[in-house]
Each structure stands twice: as C-alpha cells, then as structure tokens.
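These are my notebook entries from a session spent on a two-chain model. I went from the interface to the helices and then to the sheet.

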Amino acid sequence: MSQSTNPTTQFQTDANRVTADDDRRSFLRSSLRGYQTTRTATQERFLNYESARIAAGDAKWEAIENLDTYLAQFADKLEARGATVHWCNDSEEARSAILEIIKKHDAQSVIKSKCMTTEEIHLNDLLEKEGFEVVESDLGEFIVQLREEAPYHFVFPAMHLKKEEINTLFQEKLKSINTNDPEELTMVAREVLRQKYLSADIGISGANFGVAETGMISITENEGNARLTTSLPKVHISLMGIEKIIPRLEDLALLLPMLATAGTGQHLTCYNSQLGGPRQEDESDGPVEMHVVLLDNHRTRLLADPEQRDALRCIRCGACLNVCPIFKNVGGHTYGTTYQGPIGSVITPHLRGLKDWKHLSHSSSLCGACSETCPVKIDLHHHLLRNRRDAAGKGQGGIGEKILMVGFTIVMRRPWLYRLAGGLGKLGHVLTKPIHGTRIDPFYAWKKTRDLDDPAKQSFKQYWKSRK
Amino acid sequence: MSRDAILGRVREALSVKTDAHVREVAKKSSHSLPVLANGPDGRTQAVKEFLPFVGDSLEDHIAAFKVLSEKLQTEFIVVPTIEEARQTLERLRQQHQWKRIGVHDHELVQSCVDQLQVEFLNTSSNYDARELEKCDVGVSGCDALIAQTASALVTNHSAGGRALSVLPPHHVVVADASQMVTTMADGFALIREKHDEKWPSFISFITGPSRTADIERVLVLGAHGPKKLTIIMIAA
C-alpha cells in the first residue's frame, strides 16, 4: 500500500494485484466459507432470527435518533462514578487528550486491547513517536503490529496470513521456536504478553457499546486480553465513537448474542464485560482512574444525512465483509480504510470526504448480500447507490462520465440512432474478435479480463415484430 | 467546550427527521414475522421469544447448559451437596497438582475450599497481581448462571475483583442451582435488584475458557485468560 498515491488509484492498483493472486484468494475464500458454516448453525438455533434482527435494529434506532439525550446521560452517569469523560471533535483532539493522560502519569508502557477507533486516529504512530512502548494484546492485532501493517479485517485482523508466515515472523521478531502449530504459536504470544500486562502503566481499550442508562462501556472479546488490559494497569482509557451508545443495560441481552452470531458465528463471545468507572471504594482491584474519550470525527456529518444516518447503527460485527464478493476478491488492505468492506465503503466517504472515497461506492456488485446479512438491518447496498447519486449530483463524476451520459441520452431518445448504434456494436464485436484481449483492441481495458458472448442473431425488436 | 459543540451538532443533525423509507426498511421483512412492540419492553421480550429456546424448568436449563458447555469446552459439574463440591475440588487439586489458589471472601467458595491443603491468596482486599499470576487456579462465586448462553455472570463483588477470574490459568466457579436463570436479561435484572443504583464497576458474562482462532481459524484455548473453566453447581 503506497501512501502517496490517491485513494482511487491505490484501490485499483491493489485490487488488480490481489485479484491476480489465486492462491491468497482461495485461502481467503476457504476461511470465509468456514465462518459461514459456523454462523448458519448458530443462527438456526434461534427461535426467530429475522424478528430478532428487527428488535436489535430497534435498539440502535432509538439510540441514534435520541443521541443527544443518551450521550449526555451516558457521560453524566460515568462521571458520577468517578470516571473522566473527554469530548473530542476530531482525531487531533482525541490524540492530545490521550497523550496528556499518559504524560500526566509519567507512564512508560501502554498495553492495548483491540480498538478500531485508535486505528482511525492513528494513535500508535503518535505514541511511538513520543517514545512510549505500545503493545497490541489481541493476537491478530499483535501479529499485524509486528508486521507493521494495518488490520486486514476489522474483526479478524490477521486472517490473510498463513501459519508458516506467522512462524517466520515470530522467529524473526520474538526469537521464538520454529513451529507451524497454531496452538504453540498462540502460547508464544501468551507468554510475551503476560509480562506486558503486569508491567504496563496504562491500558487502552475500545468499547463495543456505551450504556446510557447506567454509564457503562461494554467490551466483547474472546481472548481475555481486554479484561486484563482493563483490570491490571492503574489507568484505563477507553476510546469510542459517539455512535456506540445504546439506551439500556438490558438491550445488551439482545445485542451481544446478535453481535456474536453475526460476527464470528459463536452463540456468545467468551467475555462480555461492562465497565462503569474506576475501582470503587468497596472494591479490591481495578484501575484507579478511568477515562472515556468520546470521538465525533465527522460522525455528526453522517448523522445529519437523513438517509445514511442508518449506517451509524452499525455494531461492527464484520458480517458484511464476510459475505461480500468484492471483499473476497480484493481483500482487506485494498480498501485503504480503517473499516473495510461494505460498511467501510458506505461510511468512509462521509468520514473522510466524498471526493477521494467515492470510488468505494462502485466497489460493489449491488448483490445485496451485505444488507441481507446485517444483524441490525442496515440498508447497506442502497446506501452505496445513494453515495453514487450524491457524487454525481455534486458533479464529481468526472468529465468522461458526463460525456458518456450526454451521449447515452442522445442515443436513447432517437430510435434510428439506437438501431444504428446496435448495428455498429455488433459489427465492432465481429471485427475486433481476432484481436480480442490484445493491446490493440480498442476495448482492451475492459476486455482484458472478460469475454464477451456473441450477440443474439435476432434483436428483441426484430423478435417482437416477427411475433406479431 | 467540546461537549456543547458536539451535542450541539448532534441536535442540529437530528432536527431533520430520518427518511421515512429508510426507517421502514429496517422494520420490514420479506417474511411475515412476529414483530414485538418497539421500545425497551419489546426488546427484553425479544430475548425470550426470538433467541434460542431453553425451556422453563430447572431440568431444562441444566440440560441446555450442559449441551452448550460441551461445545464451549467448559467443564460443567453438577453435584448434589456442598460436601460433594468439596470432594470435587479436592479431586481437581490432585489432578492438576494445585499448589497455590486464589480465593475471595465468599461463603460458598470458602466452605468449598477450606479443607484443601494448599497455599491461599485472598483477593477480597488489596493484593499483589504478580502473586495472583503465580496461582494455579482462581476459585470464585458468581451472581447467576445463564441457561440460554451457558455463561457465568460475575461482578467484582461476586468474583473477588476483576482479575481473579481471568489471570490464573484455570478458573473454577462454584454456584448454587437456585442461581440458574433463563436469559442474560434475567441476569441483568438480578444485578439491578441486588445493587440498585450502586452498580459494581465491573460486570462480566464468562462463556467458556479464553479462546482465539486468529491463526488460520484454528481454535486454541487459553489465548490470554484461563485455559480451563470449571463450573461446579450444587443442585440438591
């Protein structure tokens, strides 16, 4: 991934490279197939999964449509329990808020559990530049951090890597033993990270949900790394987007099983913890300080869109990536975004600008698999269409697209011209057949990876006439 | 202040109502489905009516808990008396050669472990996390067992703090059959009742031993937390 090129070019270059790598693609597909099987089995245990989706979606609608009330309630409740809430307009403010806390405590080392929002604000870069040791504790995140690359998938960060590659990486960076066994590799990471939890001064986590009614954050995880991160260091910082709010504690009883089922196919993730404040007077452990950093970073811009605010209901399960034919073929890094796949393609243009990211609205086959799988029923593929519409409406389609559309209108309005164009098309097809797929073919760019069937002998128009 | 700025932008954004069509799509389905009333009560009811069915009697709940525990690789042991719970712990001590165990001030826990010939670390008041890390096992109580998900619901009060149930390589939960409830919503209701507005700072649903599948989707137990989870339930 090159940083200097513009996002559209980078997407096209990377997509071409990845789609040509048959080996990696089949590896990716087979692991996603495994996910699909597990998930289907778990879903079938539901008495009524479809109705559960509607109910789960309702919880997020209520939160998003009353976000001002619930956000204020969330912050007030947390503060009443001794936590500090930091309100941050953008990445810059969130980064300085976190840095200030770390500096105030004269901290040396920071342990992190999985938090995509810290990727969004590029926190690790800053902390490392400031001289702090920052360790990702989620196994997948730990692996991609050692490789100095971005997470491949926001739920399965290292899903693109084979065990042999992880073996090589661990031997190189951790001086570990030579083994391709996933269990032994996991134990290597466990031993390394154990010591880090005990010595870290600061624990940074994300939050899957913020419960307004009680002022708690909820963290979902399998490994136990988030529990250790929020239990042992003396300061706990949690960074979360303002859209993570839900109204009541009991809503978790519905949302947590939905998140697990759609996300990994488990009926419930191993640890679902609710944290409300630092260690209280009558408690024997836990951090002495808890900071919750609330981040806007253009989420309010998305909220202002009466159609696409729908996407703020996302619970980041990653299911839409797992079923997306585009994701399966171009892979996660190609997106160049913090959030990959359909949901990333919908929200990134709002968070980072339509002009540079509108190409993502076209990285879709519009098959609707994403909308169909979404556990809270976000109308994902239609939002991609809405982004296309908005880009065209703002004249961001480019001059080529404009000429094409004007030409199309002229042809479609004149039957004689339409007939002529049809005939020329057929002729062109026959004439270019010998040079199909070669560089002198005028349609090379399109045809190099595609075959075009011969057109029907009889056009529909001719058929219709003959029928009468 | 940023608080006012952000809340101001949120209010301004929400001054335009959500597009009616988009709102409708989220409610509709291609199937004809039972839909409960919108709002909090409908959602709590949904947990019982739409999520997996686990029956209503204790026998049903225990059966469901057993099935899921097997899948999760949780060791779920039902014993008739406290005396047998004690013997089970003694058997586990021999089997796993426990030398040091982490415990806390909890009536049921104490009456189960008091005769074990091991070194104890109590986490009910200030303790050293490095010492806890050296323990072979942590034995704790819980607030409830959840039949629908085969989870143990704990708080820092019922489980000796935040770390006892996650730092040692083996976690043993002792519970009474009267603590079995149907859904997670029932679990939350219990904690609400017990602590009212003075919530514990830590609540967690523990569902199986710690796990990861981050390397080629191969399941490995004990990623960072306990490699083993044993739940001993006393059902007279």
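How many residues of chain B are in contact with residues of chain A? I looked this up before anything else and found that 79 residues of chain B are in contact with 85 residues of chain A, where contact is taken as C-beta atoms, placed from the backbone, lying within 7 Å.

For the record, this is a predicted model, in which local features need pLDDT of at least 70 and side-chain atom pairs count only at pLDDT 80 or more, while totals for chains, interfaces and linings use all residues. Residues are numbered from 1 along each chain as its sequence is written, and chains are lettered from A and ligands numbered from 1 in the order in which they are written.

**Entry: the interface.** On the side of chain B that touches chain A, I noted the elements that each supply at least two residues, among them α2 (20-27), α3 (40-49), α8 (184-195) and β9 (202-206); helices (H or I, at least four residues) and strands (E, at least two) are DSSP runs, numbered from the N terminus. The largest share of that side, 10 residues, comes from α1(B). Sorted by class, the side holds 39 nonpolar, 25 polar and 15 charged residues, with Ala, Val, Leu, Ile, Met, Phe, Trp, Tyr, Cys and Pro counted as nonpolar, Asp, Glu, Lys and Arg as charged, and the others, Gly among them, as polar.

I then checked β9 of chain A (residues 271-275), which pairs with β9(B) in the antiparallel sense over 5 bridges; pairing requires that DSSP finds at least two bridges between the strands. Within this pairing, Y271(A) has I206(B) as its bridge partner.

**Entry: helix α3(A) and its partners.** Across the interface, α3(A) packs against α3(B) at an angle of about 145 degrees, with the axes 10 Å apart; axes are lines fitted to C-alpha atoms, for helices over the stretch in contact, and angles run from 0 to 180 degrees between N-to-C directions. The crossing is left-handed, a term used if the near helix is turned anticlockwise from the far one by less than a right angle, with right-handed used if clockwise. I listed S51(A), A52(A), A55(A), D58(A) and A59(A) as meeting G42(B), R43(B) and A46(B), and this contact has 4 nonpolar, 2 polar and 2 charged residues.

Within chain A, α3 (residues 49-65) packs with α12 (residues 252-263) at about 120 degrees, again with axes 10 Å apart. That makes α3(A) oblique to α12(A), since angles under 35 degrees count as roughly parallel, over 145 as roughly antiparallel, 65 to 115 as roughly perpendicular and the rest as oblique. Here A52(A), A55(A), A56(A) and A59(A) meet L254(A), L255(A) and M258(A), a contact of 7 nonpolar, no polar and no charged residues.

**Entry: the sheet of chain B.** I traced an open sheet of 6 strands with parallel pairing, in the order β1-β12-β7-β4-β2-β3. Because β1 (75-79) and β3 (119-122) stand at the edges with a single partner strand each, one side of each is left without a neighbour in the sheet. Neighbouring strands are turned by 20 degrees against each other on average, direction ignored. Looking closer at β2(B) and β4(B), I found 2 bridges joining them, with I101(B) opposite V137(B). Helix α5(B) (residues 82-96) lies across β1, β7 and β12 of chain B, running at about 160 degrees to β12(B).
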